[in-house]
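Hi everyone, thanks for coming. I'd like to walk you through one model today, so please have a look at it while I talk.

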Amino acid sequence: METFDLMTPCHFGLEAVMKREITDLGYDITETEDGRVTFTGDAEAVALANIHLRTTERVLIRVGRFRAVTFDELFEETKALPWERYIPKDGKFWVAKANSIKSKLFSPSDIQSIMKKAIVERLKTVYHTDWFEEDGVSYPIRVSILKDVVTVGLDTTGVSLHKRGYRVNTVKAPIAETLASALIMLTPWKGGRILVDPFCGSGTFCIEAAMMAAHMAPGLHRDFLAEEWTNLIPEKCWQDAREEAEEDVCTDVETDIQGYDIDDASVRMARDNARLAGVDHMIHFQQRPVAELSHPGKYGFIITNPPYGERLEDRETLPALYETLGQRVFGHLDTWSLYVITGYEDAEKYLGRKAAKNRKIYNGMLKTYFYQYPGPKPPRRKQETDSENDYFCNRK
C-alpha cells in the first residue's frame with residue numbers, strides 16, 4: 001500500500017506527548033519540529049490517526065517541502081509538486097490556510113493565490129484541459145512558511161480534531177479538548193485513580209479523562225474529510241479502524257472523576273456534554289466553590305484550568321482564588337497531586353508553593369504555564385489496583 005509523510009500539528013511545548021501517541025499507534029516518528037510531528041504511514045494510518053489521536057488538531061499528508069524567497073520561486077516549486085497523485089480531475093482544491101513566520105514571503109492572501117495558480121498549471125498539463133469544474137470532492141491545502149522553508153500539506157481531517165462532537169454547550173474561553181487531553185497525559189493519572197477539576201467549566205478535563213479511562217477513541221463518533229477521498233483512502237480503512245475502536249470501548253470501568261464549578265449553568269453544561277460523549281455515568285458534577293474543595297480519598301489528582309484574568313474585572317479576585325486553591329490542596333489534601341494550567345504570572349506566589357515542574361505551553365498565541373505539584377506515590381498495592389482498573393473492566 002502507498003505510504004505518505006503524515007504531519008500532526010500540536011500545541012507548542014507538547015510535541016513529546018504527540019510523539020508518544022503516534023508511537024503507541026505503531027508508527028515511527030521521522031521528524032519533530034516546534035508544534036508539529038511527522039511520521040510515515042499508509043492509508044490505514046490516515047484513518048487510525050484521525051480516529052485515535054487525542055492531542056493533534058488535524059492530520060496532514062505532506063505534499064512537499066522547499067525553499068522560496070520570491071513569489072516566482074513559490075510558483076515554480078509549487079508547480080513542480082506531484083499534485084496529480086492526490087487531486088483527481090474533478091477535485092475541488094484551494095489553499096485553505098497559509099501562515100508565514102520569519103520569512104520573506106509573508107502575505108497569506110498572495111501566497112494562497114499564487115499557489116492555487118501553480119497547482120492549476122500543473123494539473124492542466126496532466127489532465128490536458130484548460131478548465132477545471134471543481135465539482136467533486138474537496139482537497140483543502142494548508143501551507144506554513146518558516147524561515148523561508150515552505151511546507152505544503154493536504155488536510156485529511158476537515159473540521160478540527162478538537163471538535164469531538166460532544167461539546168455543544170460551552171463556557172467563555174474553554175480549554176480545547178486536544179490541549180486538555182495532552183495535559184492529562186503529562187501527569188501520571190490513570191483511569192483507576194481519583195481526578196477532580198474544581199473549575200470544571202463545561203467539563204472538558206473530566207470528559208476527556210473519562211474517555212481515556214473507557215478507552216474511547218476521540219474521533220469515534222465524527223466524520224473526516226478524507227473519507228470521501230476514495231482515490232487515496234479506501235473505504236475499508238475507515239470501516240476497519242472504527243470497528244477496532246468500537247471493540248476497545250469499555251464504559252463500565254469504575255472511575256472516580258469529579259467536576260466542580262461555582263456557576264450552576266456551567267455544571268449543567270458539563271452534564272449535558274458528558275451525556276453527549278457517552279460518559280455521564282462515569283463523572284460526578286456538582287456546584288461547589290473552590291473554598292469547599294474536599295474529598296475523602298487519598299492520592300488523587302487535581303487537574304484544572306482556573307481563571308487567569310482574561311477580563312480586567314476578574315483580575316482583582318485572582319490572588320484570593322489561587323490562595324484558596326493552594327490552601328485547600330496543600331492543607332487538606334496533602335497526599336494529592338496538583339496540576340494547574342494558567343496564564344496568571346503570579347500563580348505560584350498565591351498558591352503558596354513553588355512548582356516541582358513548570359512547563360511553558362503556547363495556547364495559540366497565548367503563553368500559559370503548566371504548574372506541576374506531584375504528590376507522594378501511593379502504596380504498592382494501590383498502584384497495582386490502579387493498573388488493573390485502567391486496563392481491565394467487567395463487560396456486561
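I'll go through two sheets, a pair of helices and a pocket.

A word on the ground rules: this is a predicted model, so I should say that local features need pLDDT of at least 70, side-chain atom pairs count only at pLDDT 80 or more, and totals for chains, interfaces and linings use all residues. Residues are numbered from 1 along each chain as its sequence is written, and side-chain values use heavy atoms, with hydrogens and water left out.

Let's start with the sheet that holds β1. Helices (H or I, at least four residues) and strands (E, at least two) are DSSP runs, numbered from the N terminus, and two strands pair if DSSP finds at least two bridges between them. Here 7 strands make an open, mixed sheet, ordered β2-β3-β1-β4-β7-β6-β5. The edges belong to β2 (29-33) and β5 (92-101); each has a single partner strand, so one side of each lacks a neighbour in the sheet. On average, neighbouring strands are turned by 30 degrees against each other, direction ignored. For angles, axes are lines fitted to C-alpha atoms, for helices over the stretch in contact, and the values run from 0 to 180 degrees between N-to-C directions.

At one edge, β2 runs antiparallel to β3 (residues 36-42), joined by 4 bridges. Glu33 has Arg36 of β3 as its bridge partner.

Which helices pack on this sheet? Helix α3 (residues 71-79) touches β4 (60-67) and β7 (149-155), and its direction makes about 135 degrees with that of β4. Helix α4 (residues 108-127) touches β5, β6 (138-146) and β7, at about 140 degrees to β5. Contact here means heavy atoms within 4.5 Å.

Now the second sheet. Again 7 strands form an open sheet with mixed pairing, this time in the order β10-β9-β8-β11-β12-β14-β13. β10 (283-287) and β13 are the edge strands with a single partner each, so one side of each is left without a neighbour in the sheet. The average turn between neighbouring strands is 15 degrees in this sheet, direction ignored.

Inside it, β11 (residues 301-304) and β12 (residues 337-342) are parallel, over 4 bridges, and Thr304 has Val340 of β12 as its bridge partner. α6 packs on this sheet, touching β8 (194-197), β9 (256-261), β10, β11 and β12, with its direction at about 170 degrees to that of β9. Helix α8 (residues 264-277) packs there too, touching β9 and β10.

Back at the β13 edge, β13 pairs with β14 (residues 366-373) in the antiparallel sense over 7 bridges. Arg359 stands opposite Phe370 in β14. The hairpin has 2 residues between the strands, and Gly364 takes a positive phi near 70 degrees.

α6 has a helix partner as well. α5 (residues 177-185) and α6 (residues 204-213) pack at about 65 degrees, with their axes 9 Å apart. Among the residues in the contact are Leu183 and Ile184 of α5 and Phe205 and Met212 of α6.

Last, where does the lining of the largest pocket come from? β1 (3-9), β4, β5, β6, β7 and β13 (357-363) each supply at least two of its residues, and β6 gives the most, with 5 residues. Of the 33 lining residues, the closest to the centre are Phe12, Asp34, Gly35, Asn99 and Ile101. A pocket is an open set of points on a 1 Å grid over the protein atoms alone, where a 1.4 Å probe fits, with protein on both sides within 12 Å along at least five of seven lines; lining residues have an atom within 4 Å of a point.

Thanks, and happy to take questions!
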